[in-house]
Amino acid sequence: MILPVVQIFIMFYIFQRSFLSTTASRTMCFSWHRRIWTSQDLKTKYGTNKMFGSSTNKTQRSLSSSSNDSSLQNDGSHIKSYSITGTGEKSSVRMKANTGHELQTDVPEKMGGGDTAPQPVEMLLGAFLGCTQATAIFVGRQMSPRLLIEKIEYDVSANRDERGALMLPIEKAPDIPARLQIISGKILVFARGGEKITEEQMQILAEQTEQRCPVANMIIASGCKINVEWLDGSST
């Protein structure tokens with residue numbers, strides 16, 4: 001009687017160890033695949049961890065909302081294209097858009113330029129304001145109730161670390177990004193007829209304009225922070 005009992009005990013022990021080992025193996029396998037999927041998902045959505053880590057909350061939301069760019073591009077009916085030609089001489093570039101408008105950039109004399117036109121970064125800030133204006137008008141009209149904007153006044157500035165462009169040796173990529181690091185300032189919104197803009201309306205206008213403006217969206221995706229205060233112009 002003792003021998004069968006011992007055999008049964010041994011068989012039960014082997015079965016238990018085998019079952020636990022299989023379960024643990026399955027659990028480890030599932031966890032490993034889950035980590036791989038999560039890492040790949042973050043990389044697909046947000047790019048490198050360095051870019052994602054340097055972003056603000058608004059940046060994260062904007063990048064997340066733009067994560068389906070590749071799928072949207074498959075439908076050509078929604079794609080808007082731009083083209084521009086140009087000729088550069090010394091530090092200045094004269095350009096012409098396919099819409100017929102002419103542009104020019106230059107750099108200050110102390111940087112070796114002729115100072116005959118705005119700097120490229122100044123043009124970028126100008127593009128940011130122009131895109132914000134057009135987008136804000138659209139957002140305001142789509143809000144409920146509608147927010148009809150009479151005008152918007154801007155006072156913004158931007159900073160970058162010059163070492164990102166000037167660091168030597170030239171064969172080595174700089175450790176500091178050349179991009180803008182922050183855009184800050186104030187935006188005063190004046191509603192038509194001098195009407196007051198509520199805090200809730202201003203929040204919707206600011207957030208949706210920032211996320212829908214192509215230029216602002218691109219600036220945020222680069223890692224640059226936009227720290228601009230939106231205010232009711234009638235209250236200033």
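Author: Accessible areas come from the Shrake-Rupley method with a 1.4 Å probe. The structure above is a predicted model.

Reader: How much area does the protein chain expose, and what share of it do carbon and sulfur atoms supply?

Author: The area exposed by the protein chain is about 17100 Å². Of that area, the share supplied by carbon and sulfur atoms is 57%.

Reader: What percentage of the residues in the protein chain is buried?

Author: A residue counts as buried when its relative accessible area is under 20%. The protein chain has 236 residues, and the buried part of them is 25%.

Reader: How many helices and strands does the protein chain have, and in what order do they run?

Author: There are eight helices and six strands in the protein chain. Read from the N terminus, the order of these elements is α-α-α-α-β-β-β-α-β-α-β-α-α-β.

Reader: Over which residues does pLDDT stay under 50?

Author: Across the protein chain the mean pLDDT is 79, and 68% of the residues reach 70 or more. One stretch stays under 50, and the model gives that stretch 26 contacts beyond four places in sequence. The stretch is residues 19–67.

Reader: What share of the contacts with a separation of 6 or more is between residues 24 or more positions apart?

Author: A contact means heavy atoms within 4.5 Å. Among contacts in the protein chain with a separation of 6 or more, the share from residues 24 or more positions apart is 56%.

Reader: How many bridges join S1 to S2, and which residue is the bridge partner of Thr-87?

Author: Strand S1 covers residues 84–89 and runs antiparallel to S2. The bridges joining S1 to S2 number six. Thr-87 has its bridge partner in S2, and that partner is Arg-94.

Reader: Which residue in S3 stands opposite Met-95?

Author: Strand S2 (residues 92–97) and strand S3 (residues 102–105) run antiparallel and are joined by four bridges. In this pairing Val-93 stands opposite Thr-105. The residue of S3 opposite Met-95 is Leu-103.

Reader: Which residue in the turn between S2 and S3 has a positive phi?

Author: S2 and S3 form a hairpin, with four residues between the strands. In the turn, a phi of about 100 degrees belongs to Gly-100.

Reader: Where is Lys-90, and is Lys-90 buried or exposed?

Author: Lys-90 is in the loop between S1 and S2, a hairpin with two residues between its strands. Its phi is near 55 degrees, which is positive although Lys-90 is not a glycine. The cut-off for exposed is over 50% relative accessible area. Lys-90 has a relative accessibility of 91%, so Lys-90 is exposed.

Reader: How accessible is Asp-115, the residue with a positive phi between S3 and H5?

Author: Asp-115 is in the loop between S3 and H5, and its phi is near 55 degrees. Values between 20% and 50% count as partly exposed. Asp-115 is partly exposed because its relative accessible area is 49%.

Reader: Which residues does the cis peptide bond with omega near 0 degrees join?

Author: The proline of this bond lies in the loop between helix H5 (120–142) and strand S4 (149–159). The bond with omega near 0 degrees runs from Ser-144 to Pro-145.

Reader: What is omega for the cis peptide bond of Leu-168 and Pro-169?

Author: Pro-169 lies in the loop between helix H6 (163–166) and strand S5 (182–191). For the cis bond that joins Leu-168 and Pro-169, omega is about 5 degrees.

Reader: Why are the buried residues of H7 on the same side?

Author: Helix H7 (residues 199–212) has 14 residues and reaches 20 Å from its first C-alpha to its last. Its buried residues are Gln-201, Met-202, Leu-205, Ala-206, Thr-209 and Glu-210. They are on the same side of H7 because the arc they cover around the axis is only 145 degrees.

Reader: How accessible is Thr-209, and which residues does Thr-209 touch?

Author: Thr-209 is in helix H7. Thr-209 counts as buried because its relative accessibility is 1%. Leaving out residues up to four places away in sequence, Thr-209 touches Thr-132, Thr-135, Ala-136, Val-139, Ile-204 and Trp-230.

Notes
Residues numbered from 1 in each chain as written. Predicted model: local features only at pLDDT ≥ 70, side-chain atom pairs only at ≥ 80, totals over all residues. Heavy atoms only, no water. Buried < 20%, exposed > 50% of the residue type's maximum accessible area, 1.4 Å probe, protein only. pLDDT = per-residue confidence, 0-100. Expected span 1.5 Å × (residues − 1). Arc of directions from axis to C-beta. Pairing = 2+ DSSP bridges.
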